[in-house]
Amino acid sequence: MSDTPSELAAQRRKLLIATSAAGAVAAGATAIPFVASLTPSERARAAGAPVEADVSKLAIGDMMTVEWRGKPVWILRRTPEMLATLEQNEARLADPVSGEPQQPEYATNRHRSIKPEYLIVIGICTHLGCSPSEKFASGTTEGMTADWPGGFLCPCHGSIFDLAGRVYLSQPAPTNLEIPPHKWLSDGLVLIGEDDHGAA
């Protein structure tokens, strides 16, 4: 005995509903991993997160490096003599007052920092991304000129920077070294990548 047209229509509806439901489940099962793959991983989120640096044991005149967002961040504890050189060479600098909008407002001063003793700067040349070398000794001791007051030299194309990361005139590097957002959590602990305005 054959099914009536109304019974066939009912069976088709059931088959259509079942097929649609199976398709929706399959689409959901495919979409969930795809959408999840677009969100950053824990590792990626951690790479961009602010980092704490303990400078309590950093000796005067020494520098340490921490990594933030895959970039080297230098923390230099400057001596009184190093700080004294910052005023002496301003006529030879391209941007002595840090007027270019490449650093937080609290770094638009001669020493480019919150605490004059500490320079916190991204150790990447603003020319083509090389990492400058430290040349802290004044004079010809480290292969520099007799009037060299101390600072940084980029080995790739010769850009020179003073002890505040300010670039000298007529250098390949167009701007000063970049100051990352940062804030002091205590006298010996600094948070890099976040300031009172939030995370970078």
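**Exercise 1.** Which residue meets R77 in a salt bridge, and at what N to O distance?

*Background.* The model is predicted, so local features need pLDDT of at least 70 and side-chain atom pairs count only at pLDDT 80 or more, while totals for chains, interfaces and linings use all residues. Residues are numbered from 1 along each chain as its sequence is written, and side-chain values use heavy atoms, with hydrogens and water left out.

*Solution.*
Step 1. A salt bridge requires a side-chain nitrogen of Lys or Arg within 4 Å of a carboxyl oxygen of Asp or Glu.
Step 2. The partner of R77 is E117, at 2.5 Å from N to O.
Step 3. R77 belongs to strand β3, whereas E117 sits in the loop between α3 (80-88) and β4, so the bridge ties together parts 40 residues apart in sequence. Helices (H or I, at least four residues) and strands (E, at least two) are DSSP runs, numbered from the N terminus.
Step 4. R77 is buried at a relative accessible area of 18%, and E117 is partly exposed at 27%. Buried means under 20% relative accessible area, exposed over 50%, and partly exposed in between (1.4 Å probe, protein chains only).

**Exercise 2.** Locate the salt bridges of D187 and E194, and place them among the others.

*Solution.*
Step 1. The structure holds eight salt bridges.
Step 2. D187 pairs with K115, with the closest N and O atoms 3.7 Å apart. D187 is in the loop between β8 (182-186) and β9 (189-192), and K115 is in the loop between α3 and β4, 72 residues apart. D187 is exposed at 66%; K115 is partly exposed at 24%.
Step 3. E194 meets K183 at 3.6 Å, N to O. E194 lies in strand β10 (residues 194-195) and K183 in strand β8, so this pair ties together parts eleven residues apart in sequence.
Step 4. Shared partners join E87, E90, R110, D162 and R166 into one salt-bridge network.

**Exercise 3.** Which cysteines form a disulfide, and why is C154 not bonded to C125?

*Solution.*
Step 1. A disulfide is a pair of cysteine sulfur atoms within 2.5 Å. By this rule there is one.
Step 2. The sulfur atoms of C130 and C156 are 2.0 Å apart, and these residues form the disulfide. The link is left-handed, with -105 degrees about the S-S bond.
Step 3. C130 is in the loop between β4 (118-122) and β5 (133-135), C156 in the loop between β6 (151-153) and β7 (160-161), 26 residues apart. C130 is buried at 17%, and C156 is partly exposed at 38%.
Step 4. The sulfur of C154 has its closest cysteine sulfur in C125, 3.9 Å away, which is too far for a bond. C125 is buried at 5%, as is C154 at 3%.

**Exercise 4.** Describe the sheet that holds β4, then the surroundings of I120.

*Solution.*
Step 1. The sheet is open, with three strands in the order β2-β3-β4 and antiparallel pairing. Two strands pair if DSSP finds at least two bridges between them.
Step 2. β2 (63-68) and β4 are the edge strands, each with a single partner, so one side of each has no neighbour in the sheet.
Step 3. β2 and β3 (residues 71-77) pair over six bridges, and E67 stands opposite P72 in β3.
Step 4. I120 lies in strand β4 and is buried at 1% relative accessibility.
Step 5. Leaving out residues up to four places away in sequence, the contacts of I120 (heavy atoms within 4.5 Å) include V73, W74, I75, W184 and I192.
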